[in-house]
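Welcome, and please open the model in your viewer. We will go from stop to stop, with a selection to make at each one.

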Amino acid sequence: MFSNEKNKTNLDTELVILENDTLFNINSNIIDLGFLNDTTYGKKFLDKYNAIGFGITGKDYKNGFQLRQWNTPIVIYFDKKIPNEVIKGFKLFFSQISNLEHLNISFTSKIKNANYYIKTTSEEINVYNNDFKFESDTERKKSFLTGATYRLTNDSNNKFYSGILSININRDQTDLDILKQLKQLFFLSLGNFDIGFDINSSSLLSKKYISSDTISEFDYKLIKLHYSTIYPQIIDERAFSKLIKKYKTLQ
């Protein structure tokens with residue numbers, strides 16, 4: 001569940017203007033835009049980030065979606081029915097991004113202390129449109145969006161503060177199947193990212209993700225970029241593109 005507010009980017013000035021405030025005066029040389037370093041994030045990577053982070057699907061879609069972030073620590077509580085091996089694997093996997101400055105993920109054994117609940121359900125979950133076609137029944141059963149979904153709440157500034165990930169584990173799945181599905185959905189929920197259909201299968205954001213104990217270089221770079229700074233106001237793809245252009249002029 002999301003709350004959206006209008007924003008605007010003044011492309012005729014050197015300011016990125018957002019609702020009721022100014023995000024960056026990009027005419028100032030004191031602004032640190034080093035997180036946009038091209039040696040780390042080239043054009044090809046940034047194009048994919050735009051598609052995943054902002055939902056840019058074509059030239060006719062001017063602004064895409066708005067960037068969304070968690071600006072509060074994520075404290076996860078696991079339903080007691082989630083297998084212990086799945087929980088162990090999940091914690092170990094996401095410990096690989098525990099060093100990111102603006103993304104804090106921890107776990108609790110008390111639901112009252114959590115703001116992110118990974119719960120089981122016996123209900124059938126189907127988030128696909130009725131006209132969505134799979135290549136095979138096996139593909140449908142193995143899809144990470146079959147039998148699971150997540151729901152996030154955010155403030156008027158596009159900052160998440162709570163979430164629920166629901167999964168039906170009564171579908172003849174192994175622990176590895178459940179872990180793979182939870183990894184993908186949780187990673188998506190860190191920015192309400194879109195799936196990248198031209199992304200390598202080593203990425204959690206790939207429709208054909210092949211599960212691994214190690215987070216891919218692409219996924220690590222993407223989540224690092226997404227949380228390199230917490231934006232104080234709503235930002236869309238056009239505002240983000242202006243920051244990139246300004247950074248290049250300062251080099």
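## First stop: α2 and α4

The crossing of α2 and α4 is right-handed (right-handed if the near helix is turned clockwise from the far one by less than a right angle, left-handed if anticlockwise). To find the contact, select Glu 85, Val 86, Gly 89, Phe 90, Phe 93 and Phe 94 of α2, then Asp 175, Ile 178, Leu 179, Leu 182, Lys 183, Phe 186 and Phe 187 of α4; contact means heavy atoms within 4.5 Å. Helix α2 covers residues 84-94, and its axis packs against that of α4 at an angle of about 40°, with the axes 9 Å apart. The axes are lines fitted to C-alpha atoms, for helices over the stretch in contact, and the angles run from 0 to 180 degrees between N-to-C directions. The two helices α2 and α4 are therefore oblique to each other: angles under 35 degrees count as roughly parallel, over 145 as roughly antiparallel, 65 to 115 as roughly perpendicular and the rest as oblique.

A word on the model before moving on: it is predicted, local features need pLDDT of at least 70, side-chain atom pairs count only at pLDDT 80 or more, and totals for chains, interfaces and linings use all residues. Residues are numbered from 1 along each chain as its sequence is written, and side-chain values use heavy atoms, with hydrogens and water left out.

## Zoom out: the whole protein

Now colour by secondary structure. You should find 6 helices and 8 strands, where helices (H or I, at least four residues) and strands (E, at least two) are DSSP runs numbered from the N terminus. Following the chain from the N terminus, the order is β-β-α-β-β-α-β-β-α-β-β-α-α-α. Of the 251 residues, 46% are buried (buried is under 20% relative accessible area, exposed over 50%, partly exposed in between, with a 1.4 Å probe and protein chains only). Among contacts between residues at least 6 apart in sequence, 71% join residues at least 24 apart.

## Next: α1 and α5

Select α1, residues 43-54, together with α5; they pack at an angle of about 70°, with their axes 11 Å apart. These two helices are therefore roughly perpendicular to each other, and α1 passes α5 in a right-handed crossing. Show side chains for Phe 45, Leu 46, Lys 48, Tyr 49 and Ile 52 in α1, which meet Phe 218, Lys 221, Leu 222, Leu 225 and His 226 in α5.

Which residues of α5 are buried? They are Phe 218, Asp 219, Leu 222, Ile 223, Leu 225 and His 226. They cover an arc of only 160° around the axis, which puts them on the same side of α5; the arc is that of the directions from the helix axis to the C-beta atoms.

## Last stops: three loop residues

Go to Asn 158, in the loop between β7 (148-154) and β8 (159-167). Asn 158 has a positive phi of about 65° although it is not a glycine. Is Asn 158 buried or exposed? Its relative accessible area is 0%, so Asn 158 is buried.

Next, select Asn 192, in the loop between α4 (175-189) and α5 (217-226). Asn 192 also has a positive phi, of about 50°, without being a glycine. With a relative accessible area of 25%, Asn 192 is partly exposed.

Finish at Glu 101, in the loop between α2 and β5 (105-107). Glu 101 counts as exposed, at 70% relative accessibility. Add Tyr 227 and draw a distance between the C-alpha atoms: Glu 101 and Tyr 227 are 126 residues apart along the chain, yet these atoms are separated by 7.6 Å.
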